[in-house]
Amino acid sequence: MTEFTPDQIEDFKEAFGLFDRIGDSQVAYNQVADIMRALGQNPTNKDVVKILGSPSADDMANKRLNFDAFLPMLKQVDALPKGTYDDYVEGLRVFDKEGNGTVMGAELRIVLSTLGEKMNETEIEALMAGQEDENGSVHYEAFVKHIMSV
């Protein structure tokens, strides 16, 4: 498991505090994924639910945890295997029918909404904003660079 430096832990604690809406030094379970993403991690919602112990929808909305309980969870997420730039490019290359480095934006939208961890229309629009050229094509290498830099 990854060991964080004292400076990193202090930064994480500060970010964690920004999500404390009540002032009790705790956050709701349903905020954990957002905090992890704000800290540069990219867990799937499924990973987060598993790490939280598969809580019910009611628990997700109402249960809270403190930073000391959160930090080991963050370490678990940090230790998960991560996709690389090449992995994502290779995955999108499958949809490059003409071999010109582009995929159709409409096709990419369908994939994002139907495969894997499905995205909703709002999420897809936010992700795709400014990525399509005048022909509705997406240059997938630039797209992956954009996604990985966010």
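Modeller: Rings of Phe, Tyr and Trp pair here if their centres lie within 6.5 Å. Planes under 30 degrees apart count as stacked, over 60 as edge-to-face and the rest as tilted. Keep in mind that this is a predicted model.

Biologist: Fine. How many aromatic pairs does that rule give?

Modeller: The count comes to four. One of them joins F4 and F12, with ring centres 4.8 Å apart. Their planes stand at 85 degrees, so the pair is edge-to-face.

Biologist: Is F4 buried or exposed? And F12?

Modeller: F4 is at 10% relative accessibility, so F4 counts as buried. F12 is also at 10%, and therefore buried. The cut-off for buried is under 20%.

Biologist: What about F16 and F70, what kind of pair do they form?

Modeller: A tilted one. The centres are 5.3 Å apart and the planes make 45 degrees. F16 lies in helix α1 and F70 in helix α5, residues 67-79, so the pair ties together parts 54 residues apart in sequence. Both F16 and F70 are buried.

Biologist: Which residues form the aromatic cluster?

Modeller: F16, F67 and F70 make up one cluster.

Biologist: A15 sits next door. Where is it found, and how far is its C-alpha from that of F70?

Modeller: A15 is in helix α1. C-alpha to C-alpha, A15 and F70 are 12 Å apart in space, with their positions 55 residues apart in sequence. At 15% relative accessibility, A15 counts as buried.

Biologist: Zoom out. How many helices and strands are there?

Modeller: Nine helices and four strands. From the N terminus the order is α-β-α-α-α-β-α-α-β-α-α-β-α. The C-alpha atoms fill a box of roughly 55 × 35 × 25 Å along the principal axes.

Biologist: What share of the residues is buried?

Modeller: 33% of the 150 residues count as buried. The exposed area of the chain is about 9500 Å², and carbon and sulfur atoms supply 53% of it.

Biologist: And contacts: what share comes from residues 24 or more positions apart?

Modeller: 62%, taken over contacts with a separation of 6 or more.

Biologist: Charges next. How many positive, how many negative?

Modeller: 14 positive and 27 negative. Their mean positions are 5 Å apart.

Biologist: Now α7. Which of its residues are buried?

Modeller: In α7, residues 105-114, the buried ones are G105, L108, V111 and L112. Seen down the axis of α7, they fall within an arc of 120 degrees, so they line one face of the helix.

Biologist: Why would such a spacing point the same way?

Modeller: An α-helix has 3.6 residues a turn, so residues three or four places apart point the same way.

Biologist: What do the buried residues of α7 pack against?

Modeller: Two strands, β3 (102-104) and β4 (137-139), and the helices α6 (85-93), α8 (121-128) and α9 (140-149). Just after α7, G116 has a positive phi of about 60 degrees.

Biologist: That one is a glycine. Which residues take a positive phi although they are not glycines?

Modeller: S25, at about 60 degrees, and S54, at about 55 degrees. Most residues other than glycine have a negative phi.

Biologist: Where do S25 and S54 lie?

Modeller: In loops. S25 is between α1 (6-18) and β1 (26-28). S54 is between α3 (45-51) and α4 (57-62).

Biologist: Is S54 buried or exposed?

Modeller: Exposed, because its relative accessibility is 55% and the cut-off is over 50%.

Conventions
Residues numbered from 1 in each chain as written. Predicted model: local features only at pLDDT ≥ 70, side-chain atom pairs only at ≥ 80, totals over all residues. Heavy atoms only, no water. Buried < 20%, exposed > 50% of the residue type's maximum accessible area, 1.4 Å probe, protein only. Arc of directions from axis to C-beta. Contact = heavy atoms within 4.5 Å. Areas by Shrake-Rupley, 256 points an atom, 1.4 Å probe, with all protein chains shown as cover. Lys, Arg positive; Asp, Glu negative; His and termini not counted. Charge placed at Lys NZ, Arg CZ, Asp CG, Glu CD. Phe/Tyr/Trp six-rings, centres within 6.5 Å; stacked < 30°, edge-to-face > 60°.
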